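Please open the structure in a viewer and keep the sequence panel visible. This tour proposes a series of selections and states what is found at each stop.

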Amino acid sequence: MTDIYTAIKSDHDRHRDLLEKISDTSGASDERKAAWDEFYHDVKAHAAAEEETFYSKLISKTWGQDAARHSVHEHQQLDDLMEELNEMDMSSSGWLTKFKTLRHDYEHHVDEEEDEVFSRAKEVIDDSEIKGYGERFLKRKQEEAGLIDEKREDSLED
């Protein structure tokens with residue numbers, strides 16, 4: 001059974017790899033487009049699932065309220081950057097500049113989450129209270145991915 005911390009960290013590691021892959025490509029290449037598409041959709045599903053499982057539990061603890069609000073605020077900022085990138089020409093220098101900002105902000109967010117939020121959460125949330133949250137997170141992420149795919153298909157039909 002995967003615990004919530006391992007499930008979230010596993011996604012973060014995959015996202016770091018995708019960010020590296022995007023950085024190693026150029027222009028609007030098929031490889032960059034595929035890596036960006038995977039990153040974009042997985043991060044959106046990840047953030048929604050994380051907020052509904054991990055952060056909802058964390059916010060129930062006095063200390064966790066500020067940390068959860070801060071992280072959810074960062075999710076919104078990252079989401080705004082990703083939406084801006086989706087509207088831009090991937091081969092433009094402006095896209096690359098904004099992508100570098102996104103990468104920096106995303107890596108800061110996940111480092112802070114893994115180093116500070118996780119360690120504090122482990123102190124204030126007993127293992128028995130959060131047991132099963134890893135599976136809840138993965139299930140919710142899969143549901144969110146399905147919703148994102150439905151929205152994408154709907155927009156393509158318009």
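A residue is called buried when its relative accessible area is under 20%, exposed when it is over 50%, and partly exposed in between, with a 1.4 Å probe and protein chains only. The model is predicted, so local features need a pLDDT of at least 70 and side-chain atom pairs count only at pLDDT 80 or more, while totals for chains, interfaces and linings use all residues. Residues are numbered from 1 along each chain as its sequence is written, and side-chain values use heavy atoms, with hydrogens and water left out.

**The whole chain**

Begin with the entire chain in cartoon view. The secondary structure consists of 6 helices and 0 strands; here helices (H or I, at least four residues) and strands (E, at least two) are DSSP runs numbered from the N terminus. The chain has a radius of gyration of 16 Å, close to the 15 Å that the globule rule gives for 158 residues, so it is as compact as a globular protein of that length. That radius is taken over C-alpha atoms, and the rule is 2.2 Å times the number of residues to the power 0.38. Along its principal axes, the C-alpha trace spans about 50 × 30 × 25 Å. Of the 158 residues, 41% count as buried.

Next, display contacts, meaning heavy atoms within 4.5 Å. Among contacts between residues at least 6 apart in sequence, 79% join residues at least 24 apart.

**First stop: Glu114**

Select Glu114, which is found in helix α4 (residues 93–124). Is Glu114 buried or exposed? Glu114 is buried, because its relative accessible area is 15%. Leaving aside residues up to four places away in sequence, Glu114 touches Lys9, His12, Arg16 and Ser119.

**Second stop: Asp13 and Arg16**

Now show the side chains of Asp13 and Arg16. They meet in a salt bridge (2.9 Å, N to O), a term for a side-chain nitrogen of Lys or Arg within 4 Å of a carboxyl oxygen of Asp or Glu. Both residues belong to helix α1 (residues 4–23), and because they are 3 residues apart, about one helical turn separates them. Asp13 counts as partly exposed at 32% relative accessibility, whereas Arg16 is buried at 18%.

**Third stop: Asp42 and Lys141**

Which salt bridge partner does Asp42 have? Select Lys141: the side chains of Asp42 and Lys141 meet at 3.0 Å, N to O. Asp42 lies in helix α2 (residues 30–58) and Lys141 in helix α6 (residues 133–157), so the pair ties together parts that are 99 residues apart in sequence. Asp42 and Lys141 are both buried.

**Fourth stop: helix α6**

Remain on helix α6 and select Glu143 and Arg140, whose side chains form a salt bridge (2.6 Å, N to O). These two residues are 3 apart in the helix and therefore separated by about one helical turn. Glu143 is partly exposed, with a relative accessible area of 34%.

Return then to the earlier stops by selecting Lys9, Asp13, Arg16, Asp111 and Glu114 together: salt bridges that share partners join them into one network. The structure holds 22 salt bridges.

**Last stop: Gln142**

Finally, select Gln142, also placed in helix α6. Gln142 counts as exposed, at 64% relative accessibility. Draw a distance from its C-alpha atom to that of Asn86: the two atoms are separated by 22 Å, and the residues are 56 apart along the chain.
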